Every structure is written in C-alpha cells, then in structure tokens.
Amino acid sequence: MTATILTLTDDSFDEQIHSSDKPVLIDFWAEWCGPCKKLSPIVDEIAGEHGDRMTFAKMDIDANPRVPLQFNVMSIPTLIVFRDGKEVKRIVGAKGKHQLVDDLADFLS
C-alpha cells in the first residue's frame with residue numbers, strides 16, 4: 001500500500017487535523033536537520049504500511065513557524081499524534097523503525 005503523506009502548513013493545519021477520522025501523525029522537521037533526514041524515510045515506510053490506520057503528515061518548521069510554536073516544538077525531529085484535534089502522543093528525536101512502530105502501536109493496531 002502506498003500512503004499519501006500530507007504536507008501541512010500553518011494555514012492548512014486546523015482543517016486537516018480536525019477533519020481526519022483517523023489519528024494524525026505530524027513529523028515536524030527542517031531541511032537543515034540531519035536527524036530529520038534520517039527519520040523521514042522511516043516515517044514514509046511506516047506510512048506505506050499503516051496508512052489505512054493513521055494519517056501521516058509533515059510540516060517544515062522554517063516555512064511554518066506558527067503551529068510548532070503553538071505546540072511548543074522545541075527540538076526536531078518531533079512527531080506528534082493528534083486524535084480528534086488534540087495531542088495524544090509526542091515523540092522527540094530520531095528513532096529506528098522498530099522502536100517507532102512500538103511507540104505508535106496504540107494507533108497502528
């Protein structure tokens with residue numbers, strides 16, 4: 001299965017988060033962030049395997065500073081899972097695929 005990974009902006013954030021009937025994982029990243037570049041293909045792979053259970057999105061914090069500030073994203077990569085528009089899980093830092101899948105198990109099963 002190939003999942004579409006949404007690209008969120010400060011302007012599209014609220015609509016995407018509140019309109020989803022599934023949990024939404026947002027990968028907060030920046031182009032200059034080495035750990036973000038290592039994590040990105042892992043998130044892509046998990047999205048391909050579990051896109052039917054969770055919506056996956058990415059947000060560039062440099063191009064979209066308002067939402068990261070609103071949710072106190074202090075370091076990147078930061079992954080935040082939203083359900084019904086509310087933050088329900090936060091994962092900070094790059095992780096391997098197995099550890100990340102374990103961290104997201106409540107939402108992927």
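**Exercise 1. Find the partner of K58 and place the pair in the fold.**

The side chains of K58 and D44 meet in a salt bridge at 2.9 Å, N to O; a salt bridge is a side-chain nitrogen of Lys or Arg within 4 Å of a carboxyl oxygen of Asp or Glu. The model is predicted, with local features needing pLDDT of at least 70 and side-chain atom pairs pLDDT 80 or more, while totals for chains, interfaces and linings use all residues. Residues are numbered from 1 along each chain as its sequence is written, and side-chain values use heavy atoms, without hydrogens and water.

Step 1. K58 lies in strand β3 and D44 in helix α2 (residues 34-50), so the pair ties together parts that are 14 residues apart in sequence. Helices (H or I, at least four residues) and strands (E, at least two) are DSSP runs, numbered from the N terminus.

Step 2. K58 counts as buried at 13% relative accessibility, and D44 as partly exposed at 36%. Buried means under 20% relative accessible area, exposed over 50%, and partly exposed in between (1.4 Å probe, protein chains only).

Step 3. Salt bridges that share partners also join E45, E49 and K97 into one network.

**Exercise 2. Count the salt bridges, then compare the settings of D10 and D11.**

Step 1. The count comes to 7 salt bridges.

Step 2. One of them joins D11 and R66, at 3.9 Å, N to O. D11 lies in the loop between β1 and α1 and R66 in helix α3, so this pair ties together parts that are 55 residues apart in sequence. D11 is exposed at 69% relative accessibility; R66 is partly exposed at 45%.

Step 3. D10 is found in the loop between β1 (5-7) and α1 (13-19). D10 is buried yet has no salt bridge, and the nearest side chain of opposite charge, R66, is 4.5 Å away. For charge, Lys and Arg count as positive and Asp and Glu as negative; His and the chain ends are not counted.

Step 4. A polar atom of the D10 side chain lies 3.0 Å from the backbone nitrogen of V67.

**Exercise 3. Describe the cysteine pair.**

Step 1. C33 and C36 form a disulfide with their sulfur atoms 2.4 Å apart; the cut-off for the two cysteine sulfur atoms is within 2.5 Å.

Step 2. The torsion about the S-S bond of C33 and C36 is about 80 degrees, so the disulfide is right-handed.

Step 3. C33 is buried at 3% relative accessibility, and C36 is buried at 4%.

**Exercise 4. Which residues touch the most other members of the largest nonpolar core?**

Step 1. A nonpolar core is a set of buried Ala, Val, Leu, Ile, Met, Phe, Trp, Tyr and Cys residues joined through side-chain atoms within 4.5 Å. Of the 18 residues in the largest one, F13, I26, F28 and I76 touch the most other members.

Step 2. The elements giving two or more residues to this core are α1, β2 (24-29), β3 and β4 (78-83). The largest share, 3 residues, comes from β2.

Step 3. Leaving aside neighbours within four places in sequence, F28 is in contact with residues including C36, M59, V67 and I76; contact means heavy atoms within 4.5 Å.

Step 4. Apart from this core lies another, of 15 residues, among them L39, I46, M54 and I91.

Conventions. Polar contact = N/O pair within 3.5 Å; in protein donor to acceptor, adjacent residues only side chain to side chain.
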